[in-house]
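Welcome, and thank you for taking a look at this structure with us. Have the sequence and the 3D view at hand, and let us walk through some of its features together.

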Amino acid sequence: AYGLIAGPDARDPNSQQQPAVSLERWNDPDLRGLTLGIYRPWFSHAAPAVVAANEAMAAQFERAGAQVQEIVVPELDAMRLAHIITILSEMAANMRNQGAEMRRLGPSVQTTLALTHAFSAYDYIKAQRMRTRALAAFDDIFRRVDVILTPATAITAPLIPPGGATGPWSDLSADTEVMRFVFPGNLAGLPALSFPVGYDAEGLPIGMQAMGRHWAEATLLRVAYVAEQHLQRRRPARYYPLLETPAQVVAE
């Protein structure tokens, strides 16, 4: 799918500077020559089961020939704040003239967007300066490693509260855990890929994230391909085979 949809679009001038799409060695199980970076305080800032499954998969990558190297990702908290200010400011700007649509949003979303009115132009400019610093920081890191490994999320899927399946709800503490590892790639425009690496005691899937330098998607696919060779997938208790007919839906 990536090979089909990626690359320059003749109708979009902004895409003309992209390099040619490459899928070279995407399914090569030999990871020799790849260096995988782990920022230990960040990598370990997750539920114990999540950390354990990710540590085990990192060890599998080493056995496949990769070198795992300790790195430091500076100013992560500042990046997180810059990410929040940037995306919320842009959401609010896009919704400013959408009064009718705003009324259709859930109360928690409306409250979040209302809070963005407290942001100033100074806040937004400072966030973009922080984004520039983030780009420089990751550019420096990717001179030394090919991929940065983290958990995909800090927790497994949280419970939906009573009434949450039919009405709006918001849990910012869970959102923080779910977003802990994804915001730097979003802020800096870096490609990233998440893939399963295990299960917790409740049988819920645990994921790992591989984040790479710009235009290095083939390398990320290669890492995920190796992970797939070392994980025995489990069918969940309630399973919906979306590529099959509805009559074949199974609830075990």
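## Two loop residues with positive phi

Trp215 has its place in the loop between β5 and α10. This residue is not a glycine, and yet its phi is positive, near 70°. Please keep in mind, here and below, that the model is predicted.

Glu75 is another non-glycine residue with a positive phi, in this case about 60°. You will find Glu75 in the loop between β2 and α4, the helix spanning residues 76-95. With a relative accessible area of 37%, Glu75 is partly exposed.

## The sheet and its edges

Now to the sheet. Five strands form an open sheet in the order β2-β1-β3-β5-β4, and their pairing is mixed. The edges are taken by β2 (67-70) and β4 (192-199); each has a single partner strand, so one side of each is left without a neighbour in the sheet. On average, neighbouring strands of this sheet are turned by 30° against each other, direction ignored.

At one of these edges, β4 pairs with β5 (residues 205-212) in the antiparallel sense, over seven bridges. If you would like a residue pair to look for, Ala192 has Met211 in β5 as its bridge partner.

## Strand β1 and its partners

Which way do the residues of β1 point, and are they buried or exposed? Thr35 and Gly37 point one way, Leu36 and Ile38 point the other way, and all are buried. As a general rule, side chains in a regular strand alternate between the two faces of the sheet.

How many bridges join β1 to β2? There are four, and the two strands run parallel. Gly37 is a good place to see this pairing, with Gln69 as its bridge partner in β2. Strand β1 also runs parallel to β3, to which two bridges join it. Here Leu36 has Val147 in β3 as its bridge partner.

## A helix on the sheet

Helix α10 (residues 217-228) packs on the sheet, where it touches β1 (35-38), β3 (147-151), β4 and β5. The direction of α10 makes about 10° with that of β4.

Within helix α10 you will find Glu228. Glu228 is partly exposed, and its relative accessible area is 47%. Although Glu228 and Pro196 are 32 residues apart in sequence, their C-alpha atoms are 7.7 Å apart in space.

## A buried aspartate

Let us finish with Asp200, found in the loop between β4 and β5. Asp200 is buried, yet it has no salt bridge. Where is the nearest side chain of opposite charge? That side chain belongs to Arg234, 7.0 Å away; a salt bridge needs a side-chain nitrogen of Lys or Arg within 4 Å of a carboxyl oxygen of Asp or Glu.

What, then, does the side chain of Asp200 reach? One answer is the backbone nitrogen of Glu202, at 2.9 Å. The side chains of Asp200 and Thr156 are also joined by a polar contact of 3.0 Å. Leaving aside residues up to four places away in sequence, Asp200 touches Ala49, Thr156 and Ile206. Thr156 is thus worth displaying alongside Asp200 in your viewer, as one of the residues it touches.

Note on methods
Residues are numbered from 1 along each chain as its sequence is written. This is a predicted model: local features need pLDDT of at least 70, side-chain atom pairs count only at pLDDT 80 or more; totals for chains, interfaces and linings use all residues. Side-chain values use heavy atoms; hydrogens and water are left out. Two strands pair if DSSP finds at least two bridges between them. Axes are lines fitted to C-alpha atoms, for helices over the stretch in contact, and angles run from 0 to 180 degrees between N-to-C directions. Contact means heavy atoms within 4.5 Å. Buried means under 20% relative accessible area, exposed over 50%, partly exposed in between (1.4 Å probe, protein chains only). Lys and Arg count as positive and Asp and Glu as negative; His and the chain ends are not counted. A polar contact is a pair of N or O atoms within 3.5 Å; within protein, one must be able to donate a hydrogen and the other to accept it, and residues adjacent in sequence count only if both atoms are side-chain atoms.
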